[in-house]
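The exercises below ask you to read helix faces, helix packing and the surroundings of a single residue from a model. Work through each task before turning to its solution.

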Amino acid sequence: MILALDTSTAACTAALLLPDGTIVASRDEEIGRGHAERLVPMIAEMLEGHVPTRLLVGVGPGSFTGLRVGIAAAHGLAIGWSIPLAGMNSLALLAAAALPGEGKVAAAITATGPILNLSPEKAAAKVDAPLVVGSGAQALVAERGSGEALSLAPIASRALMLPELLRLLDCKPIYVRAPDARPKAAA
């Protein structure tokens, strides 16, 4: 069994999957903040005595704290269970949250950071997918004046829908913005 989890957004999502994609158990909660308090109990609720043989964790792009919580938990669980761990692209997992058969889908999140960040105006000129999902979907669709925007979050139970290359990433966070906490300036 494969345990997949993602904490890159305001959602906390985890799923226990068979290699063929069959969902054994899954949990998806919009929690805002509090991933650290909710993730491990959520996983424990799903496992019911099962021990996964592989673990996938969303590595972003996403929020600083959310990514750190998910990746740290995944490392700890992988060590404890002595199972392989791999990262998966959270933006691709967000796109996979759209129903299959929706056609071309784009994922957009509201953020600033070192990855390719475009204003809604510039993104609207580049993105032609009729369906845009994520926290930045509404702004992008409004700017270009066409399409459908859905405020979806990543869904861990869709992890095996991702291309294999997007499920074999290093378990290093890809941040969309700097952390809110700052070191205190020396006096």
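**Exercise 1.** Which residues are exposed on the other side of helix 1, opposite its buried residues?

*Solution.* Keep in mind throughout that this is a predicted model. Begin with the length of the helix: helix 1 covers residues 35–47, and at 1.5 Å a residue its 13 residues should span 18 Å, which agrees with the 18 Å between its end C-alpha atoms. Next, list the residues of helix 1 that are buried, namely H35, R38, L39, M42, I43, M46 and L47. These residues cover an arc of only 155° around the axis, which puts them on the same side of helix 1. The exposed residues on the other side of helix 1 are E37 and A44. Finally, look at what the buried residues of helix 1 pack against: strand 1 (2–6), strand 2 (11–17), strand 3 (23–30) and helix 2 (64–81). Just after helix 1 comes E48, which takes a positive phi of about 45°.

**Exercise 2.** Determine how helix 1 and helix 2 are arranged relative to each other, and name the residues through which they meet.

*Solution.* The axes of helix 1 and helix 2 come within 10 Å and cross at roughly 40°. Helix 1 and helix 2 are therefore oblique to each other, and their crossing is right-handed. On the helix 1 side, the residues in contact are H35, A36, L39, I43 and L47, which meet G66, V69, G70, A73, L77 and W81 of helix 2.

**Exercise 3.** Apply the reasoning about buried and exposed faces to helix 5 (residues 137–144).

*Solution.* The buried residues of helix 5 are A137, L140, V141 and R144. Seen down the axis of helix 5, these buried residues fall within an arc of 95°, so they line one face of the helix. Q138 and A142 are exposed on the other side of helix 5. Among the elements that cover the buried residues of helix 5 are helix 4 (120–126), strand 7 (131–133) and strand 8 (148–150). Helix 5 is followed by G145, whose phi is positive, near 80°.

**Exercise 4.** Describe the surroundings of R54, which lies in strand 4 (residues 54–58).

*Solution.* Consider accessibility first: with a relative accessible area of 25%, R54 is partly exposed, since the partly exposed class lies between the 20% and 50% cut-offs. Leaving aside residues up to four places away in sequence, R54 touches M1, I2, L3, I83, P84 and R167. As for T110, R54 is 56 residues from it in sequence and 31 Å from it in space, C-alpha to C-alpha.

Definitions and conventions:
Residues are numbered from 1 along each chain as its sequence is written. This is a predicted model: local features need pLDDT of at least 70, side-chain atom pairs count only at pLDDT 80 or more; totals for chains, interfaces and linings use all residues. Side-chain values use heavy atoms; hydrogens and water are left out. Helices (H or I, at least four residues) and strands (E, at least two) are DSSP runs, numbered from the N terminus. The expected span of a helix is 1.5 Å times one less than its number of residues. Buried means under 20% relative accessible area, exposed over 50%, partly exposed in between (1.4 Å probe, protein chains only). The arc is that of the directions from the helix axis to the C-beta atoms. Contact means heavy atoms within 4.5 Å. Axes are lines fitted to C-alpha atoms, for helices over the stretch in contact, and angles run from 0 to 180 degrees between N-to-C directions. Angles under 35 degrees count as roughly parallel, over 145 as roughly antiparallel, 65 to 115 as roughly perpendicular and the rest as oblique. A crossing is left-handed if the near helix is turned anticlockwise from the far one by less than a right angle, and right-handed if clockwise.
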